[in-house]
Amino acid sequence: MAQIREIIRQTQNKFLNMFEFRGKNKVGHDFRYFVASRAESDSDLKAVSGENHPDGVIMYALYGEKKDRVVLIRQYRFPLGGFIYEFPAGLVEKGEDYRECAVREMHEETGLTFTPVQADPMFEEARFTTAGLTDESCSMVYGYAEGEPSRKYLEEGEEIQIVLADREEIRRILKEERVALMCAYQLMHFLADEEPFAFLNI
């Protein structure tokens, strides 16, 4: 197994930083590996601490009297140079419970009130987003949203359109648009399952 012997922090940014890992690979050769992380210090890196607290939270919310629509956002993302469909999401603040974060972030991004459902912890376990590039992990929180969509709580730098998508629109989105991977998988299940949250009762 590879051994990390030195970590060099390369940037000093607020939300995301680059770290260089140096060490020996499994056959004893020197390696350099670059990792993007939301860690504030070397000791907070998951490779160092061995802990996995969620950096962010993603909300899968059903909307409407019949719970037949999904709350999505269409957001401009700089790495893509364009828009992509995603679930509402955000970063967990230090000391903040991730479910409380989900309620806060849903309101900030969409103006909607989010009520999480009770689910076995395994469904909300922090999972890694892109393990070859970053140690970031996010928890998925499931629930119901209500109220009138609003963009008045968005931060200045956020370009977000709120989408309350029914099954027909979801089919179109999956066929024609850029969609975040985790969002796409859940939307595929939404199309196939009569009761979208039935799997939470396993």
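Two strands are treated as paired when DSSP finds at least two bridges between them. The model on display is predicted, and the tour begins with a pair to which this criterion applies.

**First stop: strands 4 and 5.** Select strand 4 (residues 56-63) together with strand 5 (residues 69-77). The two are joined by two bridges and pair in the antiparallel sense. One position to display is Leu62, whose bridge partner in strand 5 is Val70. Next, select the turn of this hairpin, where five residues lie between the strands. Within the hairpin, Gly64 adopts a positive phi near 100 degrees.

**Second stop: the surroundings of strand 4.** Keep strand 4 selected and display its side chains. Eight of its eight residues are buried, so the strand is largely enclosed by the rest of the structure. Burial extends to both faces: Gly56, Ile58, Tyr60 and Leu62 lie on one side, with Val57, Met59, Ala61 and Tyr63 on the other.

Which strands should be added to the view? Strand 7 (residues 89-91) runs antiparallel to strand 4 and is joined to it by three bridges; here Gly56 stands opposite Leu91. Strand 10 runs parallel to strand 4, with eight bridges between them. In that pairing, Ile58 faces Met140 of strand 10.

**Third stop: the second largest pocket.** Ile58 and Met140 also lead to the next selection, since both appear in the lining of the second largest pocket. The volume of this pocket is about 220 Å³. To complete the lining, add Met122, Phe123, Glu125, Arg127, Cys138, Ser139, Tyr142, Met182, Tyr185 and Gln186.

Which element supplies the largest share of this lining? Strand 10 does, with four residues. At least two lining residues come from each of helix 3 (121-124), strand 10 (137-146) and helix 5 (181-192). Colouring the lining by class gives eight nonpolar, two polar and two charged residues.

**Last stop: the three-stranded sheet.** Move to strands 1, 2 and 3, which form an open sheet in the order 1-2-3 with antiparallel pairing. Strand 1 (3-9) and strand 3 (30-37) are at the edges and have a single partner strand each, so one side of each lacks a neighbour in the sheet. On average, neighbouring strands of this sheet are turned by 25 degrees against each other, direction ignored.

Finally, select strand 2 (residues 17-24), which is joined to strand 3 by eight bridges. Phe21 is a suitable residue to label, with Tyr33 as its bridge partner in strand 3.

Note on methods
Residues are numbered from 1 along each chain as its sequence is written. This is a predicted model: local features need pLDDT of at least 70, side-chain atom pairs count only at pLDDT 80 or more; totals for chains, interfaces and linings use all residues. Side-chain values use heavy atoms; hydrogens and water are left out. Axes are lines fitted to C-alpha atoms, for helices over the stretch in contact, and angles run from 0 to 180 degrees between N-to-C directions. On a 1 Å grid over the protein atoms alone, a cavity is a set of points where a 1.4 Å probe fits but cannot get out, and a pocket is an open set with protein on both sides within 12 Å along at least five of seven lines; lining residues have an atom within 4 Å of a point. Grid points are joined across faces, edges and corners, and a volume is the space filled by probe spheres set on the points. Ala, Val, Leu, Ile, Met, Phe, Trp, Tyr, Cys and Pro count as nonpolar, Asp, Glu, Lys and Arg as charged, and the others, Gly among them, as polar. Buried means under 20% relative accessible area, exposed over 50%, partly exposed in between (1.4 Å probe, protein chains only).
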